[in-house]
Amino acid sequence: MNIRIGVACAALAGALAGCAQQPVQTSAPDLLTLDTHVDIPLDYMREPRYDVGGDSALKVDLGKMERGGLDGAFFIIYVGQGPLTEAGYADAVAQAERKYSAIALMLEKYPDRIRLATTPTQIRENQAHGLLSAMIGIENPYSLGHDLSRLDTAHARGARYVGLTHVGNNAVCSSANPDTEAGEPAHNSAQDPGMSEFGRALVARANALGMMVDVSHASDKCVLDAIAASRAPVFASHSSARGLVDVPRNLPDDLLRAIADDGGVVQAVAYYEFVKHDPARQAAEKALQQEIAREAGAGEFDWDVHGELPALAAGMARIEREHPLATLQEYVDHIDYMVELVGIDHVGIASDFDGGGEVTGWMDASESPNVTAELRKRGYSDSDIARLWGGNLLRVWQAAGDAADAGPGAP
Ligand SMILES: [Zn+2]
């Protein structure tokens, strides 16, 4: 989740002729394709349009995964940052609970199509049985409510990675996007606090459980702190290259190298603002949102209230014509850049679908074969493509499990 634009864009995708391309080929049968970051709305599975068994409003549902040959996805327990108070934590815990139970509903309702995977072996078994795999990742451990025992509970429910932070600092780590209006120090300032003692305890607990530590959204300082604290390689579940697009959410060259040197992997993200620098489009979207809020008599734009107004869809169609979305080719440029810098073993693929991710050519899970086709066009071998689409991630996942088995005294 980056910003809550996914739902409107999902509804919009069908209306924009330029947005959707037909998949050009399906995956090879032995290729395992995994997406490490797929968001779910709060009413996932509870509203008919968010029921993944049918023709849903989501960019990732079972039909789109099946048609696109996407074997598995990490579905995300995301909670936005709120106050570090008892009430704030209680609310975050409740929101996370709603999402865990929604994923459970999906698994109960469609056992013949998708199954939970809590180990790399289970993903392969599911694939062999013709089933999709659902994995679970945590974005923002604020939802643990400052209680490490909730990480054990999350693990027991199937969560296999924990992201350290989101927008705004939390009790674990400083964010790549701190809330400076609330007085938090600027990213990369001397006052940036990095990782707290609680954060180090969280990383140690994740290591003990065999959960991967996800550094996407963390500040640069916190990424280095996480690498130092973790006994297992860390990974970035959805981040692209700052060397191509200079935004704090992308990773700079030195951190890409540090993650690779540690044995980790960075999953390049197809979130359009991180793929292509386009301040004019951003300004136009902001102006549209302000206009819609004004016309609705609201103080500010709210996706939950205004996200499906026809005026928004019409305005976004105009913006799309004037400032075209980033493309699949521009997305794969980030993969090329990172592979060139740190090697084929340390790069992977993430959509951030239903959390704002989309690029022309990869608008939803059904278009995943376009990614494979573009990689092939650029000369990546089948073995390279298999590493990018999941092989590298599974290596890091396995390493997290090995570190847990070895225990804290291990080197
Ligand atoms: Zn995110």
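## Legends to the views of the chain

**View 1. Contacts across the chain of the predicted model.** Among the contacts in the chain with a separation of 6 or more, 74% are accounted for by residues that lie 24 or more positions apart. Of the 411 residues of the chain, 58% count as buried.

**View 2. Helices, strands and overall dimensions of the chain.** The chain has 15 helices and nine strands. Its radius of gyration is 20 Å, close to the 22 Å that the globule rule gives for 411 residues, so the chain is as compact as a globular protein of that length. The C-alpha trace spans about 60 × 50 × 45 Å along the principal axes of the chain.

**View 3. The two domains of the assignment.** Domain 1 is given as residues 6–278 together with 327–405, while domain 2 is given as residues 280–322. Between the C-alpha centres of domain 1 and domain 2 the distance is 27 Å.

**View 4. Helix α7 and its cover.** Helix α7 is formed by residues 220–229, and within this helix D220, C222, V223, D225, A226 and I227 are buried. An α-helix has 3.6 residues a turn, so residues three or four places apart point the same way. The cover over the buried residues of α7 includes helix α6 (197–209) and helix α8 (253–261).

**View 5. The exposed surface and the charges.** About 15,800 Å² of the chain is exposed, and carbon and sulfur atoms supply 52% of this area. The chain carries 33 positive and 58 negative charges, and the mean positions of these two sets are 2 Å apart.

Note on methods
Residues numbered from 1 in each chain as written. Predicted model: local features only at pLDDT ≥ 70, side-chain atom pairs only at ≥ 80, totals over all residues. Heavy atoms only, no water. Helix = DSSP H or I, 4+ residues; strand = E, 2+ residues; numbered from the N terminus. Rg over C-alpha atoms; globule rule 2.2 N^0.38 Å. Buried < 20%, exposed > 50% of the residue type's maximum accessible area, 1.4 Å probe, protein only. Contact = heavy atoms within 4.5 Å. Areas by Shrake-Rupley, 256 points an atom, 1.4 Å probe, with all protein chains shown as cover. Lys, Arg positive; Asp, Glu negative; His and termini not counted. Charge placed at Lys NZ, Arg CZ, Asp CG, Glu CD. Domains from an automatic or database assignment.
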